[in-house]
Amino acid sequence: MNDALLLWREIRIARACEGIYLPAASSLDSDRVALLMIADLSQWPRNMAIEIRQYDRGGKLLAAVGKAEVEKTRILVRTDDGYVIENGAALKSQRARDVYSALLLTLQPAQRQALGLSADEGKLLQRRIRTQPLPSRQRISEALELPPTPIDTHGQGLVPRDRGSLRGGGDTD
């Protein structure tokens, strides 16, 4: 993998993480990282799976957490103006502007109560997520579906090409 691809990968990971803390930098990649972080909360229900799909219930799978073998998978449909929470054919779909509010709407009242939140406290869930440590770079890379980096046989990672040369601040005499 060449240096440009490695740098692109690192920038994408950094931007995804920045979007957790800076609303102006928020993106689909940030929502994927947020989904990982929410699933790591100790009070988060372990018996459910959540999928984020693009444009409709059968759209492209963008992100998922939880075990695939659970009886009910909750689906968040990402649209151009937010999220639609698919609750099944019998129930009316709900809308949310951000992933945090959408995730709260997928929970049953007792599950939200276990988190100490109500259905309209997406911003509070977001603040709680911001206090959590970020997942490992490896987990973020997997969530963003980035190709694995090659093993660096020299242990140097990205090394400037002019290694060992003076970078400024020295005498010019």
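**Exercise 1.** Is Arg139 buried, partly exposed or exposed, and what is its relative accessible area?

*Solution.* Begin with the scale, on which buried means under 20% relative accessible area, exposed means over 50%, and partly exposed lies in between (1.4 Å probe, protein chains only). On this scale Arg139 is partly exposed, with a relative accessible area of 31%.

Before going on, note that this is a predicted model, in which local features need pLDDT of at least 70 and side-chain atom pairs count only at pLDDT 80 or more, while totals for chains, interfaces and linings use all residues. Residues are numbered from 1 along each chain as its sequence is written, and side-chain values use heavy atoms, with hydrogens and water left out.

**Exercise 2.** State the confidence of the model, for the protein chain and for its elements.

*Solution.* The predictor's confidence in each residue is the pLDDT, which runs from 0 to 100. The protein chain averages a pLDDT of 83, and 82% of the residues score at least 70. Elements are DSSP runs numbered from the N terminus, helices (H or I) having at least four residues and strands (E) at least two. Among these elements, helix H2 (residues 28-39) has the highest mean pLDDT, 93, and strand E5 (residues 94-96) the lowest, 87.

**Exercise 3.** Trace the salt bridges of Asp40 and Asp29.

*Solution.* A salt bridge is a side-chain nitrogen of Lys or Arg within 4 Å of a carboxyl oxygen of Asp or Glu, and the whole structure holds six of them. Asp40 forms one with Arg139, where the closest N and O atoms are 2.8 Å apart. Because Asp40 lies in the loop between H2 and strand E1 (49-54) and Arg139 in helix H6 (residues 137-143), this pair ties together parts that are 99 residues apart in sequence.

Turn next to Asp29, whose side chain meets that of Arg12 in a salt bridge of 2.7 Å, N to O. Arg12 lies in helix H1 (residues 3-21) and Asp29 in helix H2, so this pair joins parts 17 residues apart in sequence. Arg12 is partly exposed at 22% relative accessible area, whereas Asp29 is buried at 12%. Asp29 also forms a salt bridge with Arg32, with 3.3 Å between the closest N and O atoms; both residues lie in helix H2, three residues apart, about one turn of the helix.

**Exercise 4.** Describe the surroundings of Val33.

*Solution.* Val33 has its place in helix H2 and is buried, with a relative accessible area of 0%. Contact means heavy atoms within 4.5 Å, and, leaving aside neighbours within four places in sequence, Val33 is in contact with Ala16, Ile20, Leu134, Pro135 and Ile140. The C-alpha atoms of Val33 and Pro135 are separated by 7.8 Å, although these residues are 102 apart along the chain.

**Exercise 5.** Explain why helix H3 (residues 99-106) is described as largely enclosed.

*Solution.* Eight of the eight residues of H3 are buried, so this helix is largely enclosed by the rest of the structure. The buried residues include Val99, Tyr100 and Thr106.

**Exercise 6.** Work out the arrangement of the sheet.

*Solution.* Two strands pair if DSSP finds at least two bridges between them. The five strands form an open sheet in the order E2-E1-E3-E4-E5, with mixed pairing, and its edge strands are E2 (61-65) and E5, each of which pairs on one side only. E1 and E2 run antiparallel and are joined by four bridges; within E2, Leu61 is the bridge partner of Arg53.
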